[in-house]
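Here are some exercises to work through with the structure open beside you. Try each one yourself before reading on to its solution.

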Amino acid sequence: MTDASDIAVCRTLLRGGSRTFFAASLILPRAVSDPAIALYAFCRLADDAVDLGGGRSHAVEALRDRLTRAYAGQPMPSPADRAFADVVARFAIPRKLPEALLEGLAWDAEGRRYETLNDLLDYAARVAGAVGAMMSLVMRRRDPAVVARACDLGIAMQLTNIARDVGEDARAGRLYLPLQWLREAAIDPAAWLADPCYDMRIGSVIGRLLAVADKFYQRSIAGVGALPVSCRPGIHAARLIYAEIGHELARAGLDSVSRRTVVSGSRKLRLLADAVAHASFAEQGSISDDVEPAVRFLLDAVAASQSTVVLGMSRSTGKSVRDRAVWVLDLFERLEHRDQLRRAGDLS
């Protein structure tokens, strides 16, 4: 089991980066909150090492070494590394999942751009789909169809992030929109990046990306019904709240270049209340076994690790699970925090 003092340090680490997540973790069952905090802390440290470190490529290599040590049962002598090593062993989280996240961070470090939607989905699968897969395993759900739907939700959230942050990314010299789409909208990517401004052409590309995100949000619904009953309200709430960013952006004319879209606290509370009102969120029948090609390698890794699973957590994750909405939302909002840190570093 994870050392209590290591988890305590991880909690303190998160307090400054995400007060909401910290508060939620205090009332979540230990069987869920402790491994979630360990994963969250390691991901945060990985993000910070790449975004704030002097040499990004060097930082990625150092993280890979830390990952190797964690999976060898000889983690670096830090609370986050020790807690992470325990969790990946206890929940049989295949190494390819955190490796995928590090690969996505490496792509960020090199400033990679994406020619097609499929190229962008490859990126989203790594920085967000892998996180969704890991959280599915923490909730003891390893069925390929369920993990695939968790990956769908992660991808949807990442595409929403990209659509919302077009202007901020561009001003930091970053461009995540598919270059092919820009040219189809009569936009020269290099020229636009040199002088980013909003018009109906860039709005059409942003709207196109949100439409893809909506497809992934829709496909993720069935996965919610396959989770432990106590987990469903929170995951559903996270899905509703994050998707609302895209809806708000659409209502604002798809302009994420000259303004930043924010979902008000009152609106988040209403969506959370709606999710809680459907706390019994029923199974949706059979779950589609469709798998996005970009995440196939993640599912294959989970399937290959099935025989190493150590059972030990009941299907119910305990009381106060309504607050899981905040937990999951903040986990994925770490993606946003990473982007903000990255931009701050680029602009300094």
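Helices here are DSSP runs of H or I with at least four residues, numbered from the N terminus. One thing to keep in mind throughout: this is a predicted model.

**Exercise 1. Find the helix that holds D169, and decide whether D169 is buried or exposed.**

Solution. Start with the helix: D169 sits in α9, which covers residues 166-171. Next, check the cover. The relative accessible area of D169 is 3%, and the cut-off for buried is under 20%, so D169 is buried. Finally, look across to L193: it is 24 residues away from D169 along the chain, and the two C-alpha atoms are 9.4 Å apart.

**Exercise 2. Get the overall picture: how many helices and strands are there in the protein, and what share of the residues is buried?**

Solution. Count the elements to begin with: the protein has 16 helices and zero strands. Then turn to burial, where 56% of the 348 residues qualify as buried. As for the surface, the protein exposes about 13900 Å², with carbon and sulfur atoms supplying 55% of it. Last come the contacts: among those with a separation of 6 or more, 79% are between residues 24 or more positions apart.

**Exercise 3. Describe the largest nonpolar core: which residues have the most contacts inside it, and which helix gives the most to it?**

Solution. The largest nonpolar core has 96 residues, and I93, L159 and L177 have the most contacts inside it. By helix, α7 gives the most to this core, with 14 residues. Now zoom in on L159. Leaving out residues up to four places away in sequence, L159 touches L120, L121, L209, V212, A213 and F216. Apart from the largest core lies another one, of five residues, including A237, L240, I241 and L271.

**Exercise 4. Check the lengths of α8 and α13 against what you'd expect at 1.5 Å a residue, then ask how many of the residues in each are buried.**

Solution. Take α8 (residues 144-164) to begin with. Its 21 residues should span 30 Å, and the end C-alpha atoms are indeed 30 Å apart. At the start of α8, a side-chain oxygen of D143 comes to within 3.0 Å of the backbone nitrogen of A145. The helix is mostly covered, with 20 of its 21 residues buried.

Do likewise for α13. Its 20 residues should span 28 Å, and the end C-alpha atoms agree at 28 Å apart. Of those 20 residues, 16 are buried, so α13 is largely enclosed by the rest of the structure. After α13 comes G253, with a positive phi near 85°.

**Exercise 5. Place T261: where is it found, and which residues does it touch?**

Solution. T261 is in the loop between α13 (232-251) and α14. At 3% relative accessibility, T261 counts as buried. Setting aside residues up to four places away in sequence, its contacts are R164, I245, E248 and L249.

**Exercise 6. Work through some salt bridges: how many are there in the whole structure, and which parts of the chain does the pair R183 and E115 tie together?**

Solution. A search of the whole structure turns up 19 salt bridges. One of them joins the side chains of R183 and E115, at 2.0 Å from N to O. R183 belongs to helix α10 (residues 179-184) and E115 to the loop between α6 (96-109) and α7 (117-138), so this pair ties together parts 68 residues apart in sequence. R183 is partly exposed at 43% relative accessible area, and E115 is partly exposed too, at 31%.

Move on to R208 and E184, whose closest N and O atoms are 2.9 Å apart in a salt bridge. R208 lies in helix α12 (residues 200-225) and E184 in helix α10, so the parts being tied are 24 residues apart in sequence. R208 counts as partly exposed at 38%, whereas E184 counts as exposed at 52%.

Finish with E292 and R219, which meet in a salt bridge at 3.3 Å, N to O. E292 is in the loop between α14 (265-277) and α15 (296-304), R219 is in helix α12, and the two are 73 residues apart. E292 is buried, with a relative accessible area of 10%. Through shared partners, salt bridges join R149, D152, R219 and E292 into one network.

Notes:
Residues numbered from 1 in each chain as written. Predicted model: local features only at pLDDT ≥ 70, side-chain atom pairs only at ≥ 80, totals over all residues. Heavy atoms only, no water. Salt bridge = Lys/Arg side-chain N within 4 Å of Asp/Glu carboxyl O. Buried < 20%, exposed > 50% of the residue type's maximum accessible area, 1.4 Å probe, protein only. Contact = heavy atoms within 4.5 Å. Areas by Shrake-Rupley, 256 points an atom, 1.4 Å probe, with all protein chains shown as cover. Core = buried A, V, L, I, M, F, W, Y, C linked by side-chain atoms within 4.5 Å. Expected span 1.5 Å × (residues − 1). Polar contact = N/O pair within 3.5 Å; in protein donor to acceptor, adjacent residues only side chain to side chain.
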